[in-house]
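User: I would like to learn how to read the features of a protein model. Can you take me through one, step by step?

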Amino acid sequence: MTQQIASHDGHAHGEGHGHQHSAGHAAAPGHKHGHGHKHGHDSTHLDWNEIAPLLERQAEVASPAYADAAAWLGTLAPVPGVRRVLDIGSGPGVITGLLAEAFPAAETVAVDGTPELLARAEARARARGLGARVSTLHAELPEGIAGLGPADLIWAGNSMHHMGDQRAALVEFAGLLNPGGVMALVEGGLPTRHLPWHIGIGRPGFEARLDAAHADWFGEMRAELPGSKDEPDDWRALLASAGLTPAGTRTFLTDLPAPVSPLVRELVISHYTRLQEGWGGRLDADDVATLDRLLDPSDELSLHHRTDLYYLTARTVHTARKG
């Protein structure tokens, strides 16, 4: 059985809630059938193509933070010497483009298991004038890791946690690195926040309860992966066990205070809409009612009209060098 991955540049499995998370991100766990929360439908499976626009917008909003991360990587892997970059789980290619811009001597390869997302990545690279240096590679991971070819930099943006045996996958990725090459994992950080603790609807602490629901979902998603291993998220130790030398960990902040732009407001509404579609069975009746009001354009306290809406998140990048 193969496992398709997509970037969490856009935090696709539950935007920003801790485990990214995150290349991206965001979309809540969803499904293809469009059943609302009233049906109690719940799924740990994602339709990556369906949520591609949301992934793209999320990554665009966080692009300054990811650009800072790419610049930091340039101090660990000297820019002129980086000739091939792999973006693992590239999704629609927002981060692929940033990596290509940060490493202008390199071929940057967008790697993903969803052809529609790779088509978006290719079109995006052409539009940004990067088409000559950005290529795409369809691969089912982790089975296809060995076929990705050598690299000087491997970026895995919130994609590692979609591989059942993360330790084994890291060993394979380490085997692709040229001497002196760098592995960069985007995993962890802080839950994304959009609302204050008291929002004037329902019980205070709404987003904290969403975090708890997400944690349950994330554990189920991990357990269902082919070859899933119960592995603590000690990324420094896992990188070292793959034969790499840890080279530092940094966290990058995206801080967009209230009042937010129309684009950010649209992004938050899209995120909560997917929560409504996919998480109804994980929330109590009061929180379901809160979510309904937040998404009701006629409600003055909805996300469509709130003046206290903001976007705050942090993404952690763990690095290690070969040799």
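Analyst: We will go through cores, helices, helix pairs and a few local backbone features. Keep in mind that this is a predicted model.

User: Let's start with the interior. Which residues have the most contacts inside the largest nonpolar core?

Analyst: The general idea comes before the case. In soluble globular proteins, nonpolar side chains tend to be buried together. Here the largest nonpolar core has 28 residues. Those with the most contacts inside it are Leu195, Leu210, Val268, Tyr272, Leu291, Leu294 and Leu303. Four helices each give two or more residues to this core: H1 (52-61), H6 (206-224), H8 (262-278) and H9 (285-294). Another core lies apart from it, with 27 residues, among them Phe173, Leu177, Leu239 and Ala320.

User: Take leucine 303. What is it in contact with, leaving aside neighbours within four places in sequence?

Analyst: Leucine 303 is in contact with Leu195, Arg265, Val268, Ile269, Tyr272, Leu294, Leu295 and Leu309. Of these, Leu195, Val268, Tyr272 and Leu294 also appear among the core residues with the most contacts.

User: How do I read a single helix?

Analyst: Compare its span with the expected one, then look at its buried residues. An α-helix has 3.6 residues a turn, so residues three or four places apart point the same way. H6 has 19 residues and reaches 28 Å from its first C-alpha to its last. That is close to the 27 Å expected at 1.5 Å a residue.

User: Which residues of H6 are buried, and what covers them?

Analyst: The buried ones are Phe206, Glu207, Arg209, Leu210, Asp211, Ala213, His214, Trp217, Phe218, Met221 and Arg222. Note the charged names in that list, including Glu207 and Arg209. The cover includes helix H5 (166-176), strand S5 (177-193), H8 and H9.

User: Now H2. What span should its 14 residues have?

Analyst: Helix H2 (residues 63-76) should span 20 Å at 1.5 Å a residue. Its end C-alpha atoms are 20 Å apart, which agrees. Buried in H2 are Ser63, Ala65, Tyr66, Ala69, Ala70, Trp72, Leu73, Gly74 and Leu76. These pack against H1, helix H3 (94-102) and four strands: S4 (151-157), S5, S6 (245-256) and S7 (311-321).

User: At what angle do H2 and H3 pack?

Analyst: Read a pair by angle, axis distance, handedness and contacts. H2 and H3 pack at about 40°, with axes 9 Å apart. That makes H2 oblique to H3. The crossing is right-handed. Ser63, Tyr66, Ala67 and Ala70 of H2 meet Val94, Ile95, Leu98, Leu99 and Ala102 of H3.

User: Is the crossing of H1 and H4 left-handed or right-handed?

Analyst: Right-handed. The axes of H1 and helix H4 (residues 115-127) come within 11 Å and cross at roughly 45°. That makes H1 oblique to H4. On the H1 side, Ala52, Pro53, Glu56 and Glu60 meet Leu117, Arg120 and Arg124 in H4.

User: And how does H1 cross H8?

Analyst: Their axes come within 10 Å and cross at roughly 135°. That makes H1 oblique to H8. This crossing is left-handed. From H1, Leu54, Arg57, Gln58 and Val61 take part; from H8, they meet Leu263, Val264, Glu266, Leu267, Ser270, His271 and Arg274.

User: Where should I look for cis peptide bonds?

Analyst: Check omega: a cis bond has a value near zero, as these two cases do. The bond from leucine 141 to proline 142 is cis, with omega near 10°. Proline 142 sits in the loop between strand S3 (134-138) and S4. The bond from alanine 258 to proline 259 is cis too, with omega near -5°. Proline 259 lies in the loop between S6 and H8.

User: What is notable about the phi of asparagine 158?

Analyst: Phi is near 55°, a positive value in a residue other than glycine. Asparagine 158 lies in the loop between S4 and H5. It is buried, with a relative accessible area of 0%.

User: Last one. Why does valine 171 count as partly exposed?

Analyst: Its relative accessibility is 43%, and partly exposed covers the range between the 20% and 50% cut-offs. Valine 171 is in helix H5. Valine 171 and alanine 242 are 71 residues apart in sequence, yet 4.5 Å apart in space, C-alpha to C-alpha.

Conventions:
Residues numbered from 1 in each chain as written. Predicted model: local features only at pLDDT ≥ 70, side-chain atom pairs only at ≥ 80, totals over all residues. Heavy atoms only, no water. Core = buried A, V, L, I, M, F, W, Y, C linked by side-chain atoms within 4.5 Å. Buried < 20%, exposed > 50% of the residue type's maximum accessible area, 1.4 Å probe, protein only. Contact = heavy atoms within 4.5 Å. Expected span 1.5 Å × (residues − 1). Axes fitted to C-alpha atoms, helices over the stretch in contact; angles between N-to-C directions. Parallel < 35°, antiparallel > 145°, perpendicular 65-115°, else oblique. Left-handed = near helix turned anticlockwise from the far one by under 90°.
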